[in-house]
Amino acid sequence: AAVNFGAMWSLLFTVFTFAISSRGHESSPTVISCDVAIVGGGYAGMSAAYYLTTQHKLSVQVLEATNTTGGRTKNWDTTLHMPDVASGDVVELGGQWLANETVQPHSWQLVVKELGFEVFDAGYTPDDGNSIIYTSQGRHNFTDLIDGFHKLPMDVQTELRQAAMILSELQKTVNLESPQDSPRAREWDSMTFETWINSTVKIQESRTVLAVLCTTMIAQSPSVVSFLHILFYIRAAGSLESLIVAEQQYRVRLGTQAPPLFIANEINEKSPQGSKVHLSSPVREIKQADDKVILYVGSDREPKSHQRLEIHAKYVIVTGAPPATGLGIRYEPPLPYEKRQLFQRMPMGNSVKFTAVFPKPFWRATGWSGTILASSPTYHRDLDNSTNLFSNCFDNSPQSGSTGVLLCFLEGDTSVTMMQRSHEERVQLVTDWLAKSFGPDAKSEAIEFIDFNWAAQQYIGGAYSSYFPPGVWTQLGHALRSPFGRIHWAGADYAYDGFGYINGAIDSAKRAVEEIMKKIKNEWNEKK
């Protein structure tokens with residue numbers, strides 16, 4: 001058949017012209033103006049949005065890079081098998097515990113009192129039922145933490161009491177607002193926590209327990225964390241006792257992701273002062289001018305060069321993991337060199353919450369609480385004949401009782417080595433441990449296994465929070481919370497009260513809002 005070249009070229013020209021015009025149309029972003037733009041929809045970002053819209057009647061635009069709000073909290077519905085929902089059947093794959101009003105006043109005030117969410121007692125060492133601890137002397141049953149401590153060898157108990165006493169006294173001398181100004185800051189910031197451990201306790205099992213304390217706090221090995229940062233972390237929690245016991249007391253009935261989801265829904269439904277929460281909207285660039293800040297916003301589904309939104313704001317609050325939002329966004333003018341250097345030296349911890357779901361919490365019927373602790377890797381050798389320490393597992397079942405859930409933490413070095421294995425290998429290793437503790441039902445009755453790796457999340461990069469290696473606090477700590485022009489910072493990694501916790505994220509949001517409101521009032525006064 002003859003080819004009609006004239007018609008073919010006409011068609012190609014039409015398609016080419018349409019493509020060029022479409023690209024031109026797509027590259028023209030929607031421009032939105034507001035009082036405050038907020039980067040990140042986690043607890044800090046959504047708390048700031050809540051306070052700004054409800055208490056101060058300002059307009060906000062929240063820009064969340066992922067497809068949901070919640071930050072480092074994430075619900076998983078065990079009956080619907082769906083993430084990012086609020087229901088009575090959820091298990092938390094991220095941050096989950098709240099403390100009482102005295103220990104965590106900011107989270108209690110917002111989540112329980114103002115938003116009205118119900119919480120239930122869900123401490124990881126419940127008073128009812130037997131718990132299990134593996135020590136160098138074998139397996140023991142215990143009923144509470146004090147009883148569990150007494151199952152350790154006597155010489156280990158003696159060393160740990162002395163170490164706890166020293167830590168408790170040293171943390172009291174840390175300047176909470178500026179740890180780098182503490183009396184012995186340079187001495188403590190020049191060593192790792194491991195260095196302090198090895199100089200303080202001599203028995204390997206004592207060292208293991210203190211290493212577990214470190215990975216439980218920040219999900220990282222004590223060999224890479226500044227001792228000053230450990231003392232600051234304890235100080236920010238209130239005390240060593242609060243850190244170990246009180247911080248993990250309650251769970252939110254609808255899951256800990258429910259409050260950020262609720263605030264986002266309220267803002268989008270009611271649109272106070274034209275406010276909105278934008279999902280799948282990563283901020284590519286923040287450009288400051290004399291009287292405003294311009295944010296260039298892309299899309300998860302488009303090339304980085306494509307800009308979908310352009311937000312014009314009077315002020316900006318940047319939240320989220322510092323390595324992601326501090327280094328992953330282009331700033332014009334550039335951030336001060338101290339802040340850029342600081343963000344380069346604030347890596348995230350490594351934590352995976354391995355969740356095993358069962359039709360019912362079978363362990364309760366035989367008198368077990370679901371808690372397993374370990375101070376020595378005496379249980380087994382793993383696939384490479386190297387020792388992995390599985391140090392803690394808890395009953396994490398929904399309050400509804402619709403399913404039974406056992407949660408095992410893989411933290412620090414264990415998380416890194418375990419996530420290099422296949423999902424099937426991880427299931428085998430963890431369920432072997434559970435079966436040794438609770439019987440064969442732990443393997444045969446399981447219906448679902450979830451191991452959510454926070455380090456693999458593009459816009460977060462780890463959990464629970466950032467940590468400070470040696471030398472960072474004393475060299476660059478002064479730049480952590482300082483605003484840069486019209487840009488302010490908030491998040492659990494910027495907190496005074498509850499660093500790394502939901503309570504700290506909310507506290508930091510309040511601080512950032514107060515900083516902005518002070519500037520706004522000064523501007524109003526200057527215009528009078």
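Visitor: Where does Pro333 lie?

Guide: Look for the loop between strand 15 (330–332) and helix 13 (337–344), and you'll find Pro333 there. Keep in mind that this is a predicted model. Pro333 is a good starting point, as the peptide bond from Glu332 to Pro333 is cis, with omega near 0 degrees.

Visitor: Which other residues does a cis peptide bond join?

Guide: Ala463 and Tyr464 are joined by one, with omega at about 10 degrees. Tyr464 also sits in a loop, between strand 20 and helix 18 (472–476).

Visitor: Let's turn to sheets. How do I read one?

Guide: Here's the general idea: strands of a sheet pair through backbone hydrogen bonds, either parallel or antiparallel. Now for a case here: an open sheet of 7 strands runs in the order 9-8-17-18-19-16-20, and its pairing is mixed.

Visitor: Which strands stand at the edges of that sheet?

Guide: Those are strand 9 (138–142) and strand 20 (448–453). Each has a single partner strand, so one side of each has no neighbour in the sheet. As for twist, neighbouring strands of this sheet are turned by 20 degrees against each other on average, ignoring direction.

Visitor: How many bridges join strand 17 to strand 18?

Guide: There are 2 bridges, and strand 17 (residues 368–374) and strand 18 (residues 392–395) run antiparallel. To spot a pair by eye, start at Ile372: its bridge partner in strand 18 is Cys393.

Visitor: Which helix lies across these strands?

Guide: That's helix 16 (residues 423–438). It lies across strands including strand 8 (130–135), strand 16 (351–358) and strand 19 (404–411), and it runs at about 115 degrees to strand 17.

Visitor: What is the order of the open sheet that 3 strands form?

Guide: The order is 6-10-7, with antiparallel pairing. Strand 6 (97–98) and strand 7 (119–121) are the edge strands, each pairing on one side only. Strand 6 and strand 10 (residues 250–252) pair over 2 bridges in the antiparallel sense. Try finding Leu98, whose bridge partner in strand 10 is Tyr250.

Visitor: And how do I describe two helices that pack together?

Guide: In general, two packed helices are described by the angle between their axes and the distance between the axes. Take helix 5 (residues 154–171) and helix 8 (residues 204–218): their axes come within 9 Å and cross at roughly 45 degrees. Helix 5 and helix 8 are therefore oblique to each other, and their crossing is right-handed.

Visitor: Which residues in helix 5 and helix 8 meet?

Guide: On the helix 5 side they are Val156, Glu159, Leu160 and Ala163, and on the helix 8 side Glu205, Ser206, Val209 and Leu210.

Visitor: At roughly what angle do the axes of helix 5 and helix 7 cross?

Guide: They cross at roughly 135 degrees, and the axes come within 11 Å, with helix 7 covering residues 193–200. That makes helix 5 and helix 7 oblique to each other, and helix 5 passes helix 7 in a right-handed crossing. The contact involves Ala163, Ile166, Leu167 and Leu170 of helix 5, together with Phe193, Trp196 and Thr200 of helix 7.

Visitor: Is Thr192 buried or exposed?

Guide: Thr192 is buried, because its relative accessible area is 14% and the cut-off for buried is under 20%. You'll find Thr192 in the loop between helix 6 (185–189) and helix 7. Beyond its neighbours within four places in sequence, Thr192 is in contact with several residues, among them Pro222, Phe227 and Pro470. The C-alpha atoms of Thr192 and His229 are separated by 9.1 Å, and these residues are 37 apart along the chain.

Visitor: Which residues other than glycine have a positive phi?

Guide: Two to look at are Asp84, with phi of about 60 degrees, and Ser271, with phi near 45 degrees. Asp84 is in the loop between strand 4 (82–83) and strand 5 (90–92). Ser271 is in the loop between helix 11 (258–270) and strand 11 (276–278), and at 32% relative accessibility Ser271 counts as partly exposed.

Visitor: One last feature: how many disulfides does a search of the whole structure find?

Guide: In general, a disulfide is a covalent bond between the sulfur atoms of two cysteines. Here the search finds 0 disulfides. Two cysteines you can look up are Cys34, buried with a relative accessible area of 7%, and Cys214, buried at 0% relative accessibility.

Conventions:
Residues numbered from 1 in each chain as written. Predicted model: local features only at pLDDT ≥ 70, side-chain atom pairs only at ≥ 80, totals over all residues. Heavy atoms only, no water. Disulfide = S-S within 2.5 Å. Buried < 20%, exposed > 50% of the residue type's maximum accessible area, 1.4 Å probe, protein only. Pairing = 2+ DSSP bridges. Helix = DSSP H or I, 4+ residues; strand = E, 2+ residues; numbered from the N terminus. Axes fitted to C-alpha atoms, helices over the stretch in contact; angles between N-to-C directions. Contact = heavy atoms within 4.5 Å. Parallel < 35°, antiparallel > 145°, perpendicular 65-115°, else oblique. Left-handed = near helix turned anticlockwise from the far one by under 90°.
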